[in-house]
Amino acid sequence: MHEVSLGGTLCDYLTGEARERTTYEDLRQALARYLVEERSFAPSCLRPRFAVSYTAAAGTQSREADLAMFSARGDLCLLLVFCPGQVHTYVREVTAMARLALPLPAPLAVVTDMREADLFAVVSGEILARGLGALPAQAQLEELAARHALPPLSPEQREKEGRILHAYTGFLKNCCGESCPIP
């Protein structure tokens, strides 16, 4: 399924900015609201549309996670990505994104379609929890991230992860994005 404009705008729950209303934006806003209202996150610890830059054959590129979660000290702890398909098929792509995050890799990641969710450790790919209840509360996040911390990548590791992310991103853009005519 493609992300399609529904016309008009909506107010971003976290930033108050006007956002284009799309088939997925309502879901992204619901995730932000859930994390603040149900999982006790301070809005200042959540950043929507968190860009991750990487270098690939086509030069410097970037890909956005739907939400980045930070500790109260400002350390990146988790990237969350909404996916329109089978949750488990996005884990490797999101692992690459989390490993390429700067200034330090995100130790945790979540992939969700709003029905299912996988919380996993980026260092190993180990699934730590499943289901929407897998999204950690603010109070749990820092300790959970510390248990699964990973060191910064070497230049060689960044290059390899960049190639992996580029392959996934290139597929999405050429099949499900800008260059794909939607009937």
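Mentor: Before we begin, a residue counts as buried when its relative accessible area is under 20%, and as exposed when that value is over 50%. Please keep in mind that the model before us is predicted.

Trainee: Within an arc of how many degrees do the buried residues of α1 fall?

Mentor: The buried residues of α1 are E25, R28, Q29, L31, A32, L35 and V36. They line one face of the helix, because, seen down the axis of α1, they fall within an arc of 155°.

Trainee: Which strands are included in what covers those buried residues of α1?

Mentor: The helix α1 has 13 residues and reaches 18 Å from its first C-alpha to its last, close to the expected 18 Å. The cover over its buried residues includes β1, β2, β3, β4, β5 and β6.

Trainee: Which exposed residues does α3 carry on the face turned away from its buried side?

Mentor: We start from the buried residues of α3, which are Q138, L141, L144 and A145. They cover an arc of only 110° around the axis, so they sit on the same side of α3. That buried set packs against β4, β5, β6, β7 and β8. The face turned away from it carries the exposed residues A139, A146 and R147.

Trainee: In what order do the strands of the open sheet stand?

Mentor: In general, strands of a sheet pair through backbone hydrogen bonds, either parallel or antiparallel. The open sheet here has 6 strands with mixed pairing, and their order is β3-β4-β5-β6-β7-β8.

Trainee: Which strands stand at the edges of that sheet?

Mentor: Neighbouring strands of the sheet are turned by 30° against each other on average, direction ignored. An edge strand has a single partner strand, so one side of it is left without a neighbour in the sheet; this holds for β3 and β8.

Trainee: Which residue stands opposite L67 in β5?

Mentor: The strands β4 and β5 pair in the antiparallel sense over 4 bridges. Opposite L67, in β5, stands L80.

Trainee: Which residues of β7 point the other way from A117, L119 and A121?

Mentor: The strand β7 is mostly covered, with 5 of its 5 residues buried. A117, L119 and A121 point one way; pointing the other way, and likewise buried, are D118 and F120.

Trainee: Which residue takes a positive phi in the hairpin of β6 and β7?

Mentor: The strands β6 and β7 pair in the antiparallel sense over 5 bridges, and T112 stands opposite A117 in β7. Their hairpin has 4 residues between the strands, and a positive phi near 80° is taken by M114.

Trainee: Which residue in the turn between β7 and β8 has a positive phi?

Mentor: The strands β7 and β8 run antiparallel and are joined by 3 bridges, with L119 opposite A129 in β8. They form a hairpin with 5 residues between them, and the residue in its turn with a positive phi of about 80° is G125.

Trainee: Is S40 buried or exposed?

Mentor: Most residues other than glycine have a negative phi. S40 has a positive phi of about 65° although it is not a glycine, and it is found in the loop between α1 and β3. Because its relative accessibility is 55%, S40 counts as exposed.

Trainee: Is R49 buried or exposed?

Mentor: R49 lies in strand β3 and has a positive phi of about 50° although it is not a glycine. Because its relative accessibility is 19%, R49 counts as buried.

Trainee: How many residues apart are F50 and F70?

Mentor: F50 and F70 form an aromatic pair that is edge-to-face, with 6.0 Å centre to centre and 70° between the planes. F50 counts as buried because its relative accessibility is 8%, and F70 counts as buried because its relative accessibility is 8%. The pair links F50 in strand β3 with F70 in strand β4, and their separation in residues is 20.

Trainee: Is the peptide bond from L102 to P103 cis or trans?

Mentor: Most peptide bonds are trans. P103 lies in the loop between α2 and β6. For the bond from L102 to P103, omega is near 10°, and the bond is cis.

Definitions and conventions
Residues numbered from 1 in each chain as written. Predicted model: local features only at pLDDT ≥ 70, side-chain atom pairs only at ≥ 80, totals over all residues. Heavy atoms only, no water. Helix = DSSP H or I, 4+ residues; strand = E, 2+ residues; numbered from the N terminus. Buried < 20%, exposed > 50% of the residue type's maximum accessible area, 1.4 Å probe, protein only. Arc of directions from axis to C-beta. Contact = heavy atoms within 4.5 Å. Expected span 1.5 Å × (residues − 1). Phe/Tyr/Trp six-rings, centres within 6.5 Å; stacked < 30°, edge-to-face > 60°. Pairing = 2+ DSSP bridges. Axes fitted to C-alpha atoms, helices over the stretch in contact; angles between N-to-C directions.
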